[in-house]
Amino acid sequence: MKERVVSGMRPTGQLHLGHYHGAIKNWVRMQHELDCLFFVADWHALTTHYDNPQQLAENTWDMIIDWLAAGVDPEKASIFIQSRVPEHAELHLLLSMVTPLAWLERVPTYKDQIEKLKDKDLTTYGFLGYPLLQAADVLVYRATQVPVGEDQAPHIEMMREIARRFNYFYGREPGFEEKVAAAVKKLSGKDGKRFVELRSQFQTTGSAEARTEALALIAAAGSLGAQDRERLQGHLDGTGRSILTEPATVLTETPKLPGLDGGKMSKSYGNTIMLREQPADVAAKVKKMPTDPARVRRTDAGNPENCPVWQFHKIYSDAPTREWVVKGCTTAGIGCIECKQPVIDGIVREITPMHERAMQYIAKPQLVREIAEAGSARARAVATETMREVREVMGIAAA
Ligand code: ATP
Ligand code: MG
């Protein structure tokens, strides 16, 4: 089977260079070789913007235009809208039955975001469930690869755990429970009890220590045969016939693009350069970027490693230019404004063809809608296949 790629973004504003270098570059590369599905995560946007959905529809079309402008080819990849494929919601609901609350509460972005977005009330059911909806978004297509930025890696890790747990519940060999119970009985009373405790601890909290101790316990038990050991390990890790596929995270060479201030480029921090930024604004923004604080005067030498602009040279400049930067900066041979020019040129060179492509699609709103319509129909066909099997193994009566 051809590998399948799924990824999405929340329509919460125009796309910036971080989206492009962290994710879309991989989308564009992968669409030539693999079966790719890219979706506008409009339901996800509501998890944090539920109180002001006025922009949502407009942002949806705008983001599709940004993707097309950045090189996503609707002839090669399916572009669709999450809410047009209600199977995402159905799988989310069914997965919620097997998802321990602790798994959601320990997702690093959960507490971070609640802290960071203090002006919003995010103590909602929808926001806690955000990574689980994300899991459904990917698992419903049995995707093998998910190209995203580095910040998303813990969410993909959780998807893998959810898929494993689902497969364990609904994909075990017949009589598996009895065989495991028999193997546990072969452990000494004390060890058997401890194994059961450790397994439950690992299953609910993901504690690596609990798993290690349980594995050591299985390995040390002389009373177990090879098959028993295998079953107990399967029981511990929760493996079963693969109904849902565990996807892998795919990162670019720039999994975390810095923003104008040196921190991660992010809409919420106001440190971005948009893909549809005007060249004059690119220049103005880059010129305002802080540089190595050691370079107070033009004659002070600096160190590129302490300068956010250097991070951009790593992306936009060729080897001779980078050499020129290092030499010029460390000897005060060039000034910071001079040093910034190749970065400005590089960014403008990168986004100019995107502007041209965007204009073509802005002029044809009907075409953009047709692309999303066709993509959503195609996505729905794949999702329906998975849901047929999911419903069957979960005991839901067929029509
Ligand atoms: P918000 O501030 O609302 O979280 P954002 O600008 O961080 O928005 P997201 O919608 O969270 O953007 O991210 C969409 C995708 O782009 C994800 O795959 C994310 O990992 C990636 N991404 C976003 N910003 C960056 C960045 N600075 N570097 C690399 N990848 C990024
Ligand atoms: Mg983000």
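Ala, Val, Leu, Ile, Met, Phe, Trp, Tyr, Cys and Pro count as nonpolar, Asp, Glu, Lys and Arg as charged, and the others, Gly among them, as polar. With that in hand, meet the shell around ligand 1: six nonpolar, eight polar and five charged residues. This is a predicted model, in which local features need pLDDT of at least 70, side-chain atom pairs count only at pLDDT 80 or more, and totals for chains, interfaces and linings use all residues. Residues are numbered from 1 along each chain as its sequence is written, while chains are lettered from A and ligands numbered from 1 in the order in which they are written.

**The whole chain**
- The chain has 18 helices and five strands (DSSP runs numbered from the N terminus: H or I, at least four residues, for helices; E, at least two, for strands).
- Its C-alpha trace spans about 75 × 50 × 45 Å along the principal axes.
- Of the 399 residues, 33% are buried (20 or more other C-beta atoms within 10 Å of their own, with C-beta atoms placed from the backbone).

**Around ligand 1**
- There are 19 residues around ligand 1 (C-beta atom, placed from the backbone, within 6 Å of it), and Gly 18, Gly 22, Val 148, Gly 149 and Ser 268 come nearest.
- Helix α1 (residues 17-30) gives the largest share of this shell, four residues.

**Strands β1 and β2**
- Five of the six residues in strand β1 (residues 4-9) are buried.
- Strand β2 (residues 35-40) runs parallel to β1, and six bridges join the two.
- Ser 7 has Phe 38 in β2 as its bridge partner.
- From β1 the chain passes through α1 to β2 in a right-handed β-α-β crossover (with the strands pointing away from the viewer, the path from the first strand over the helix to the second runs clockwise).

Note on methods
A residue is buried if 20 or more other C-beta atoms lie within 10 Å of its own, exposed if 12 or fewer, and partly exposed in between; C-beta atoms are placed from the backbone. Two strands pair if DSSP finds at least two bridges between them.
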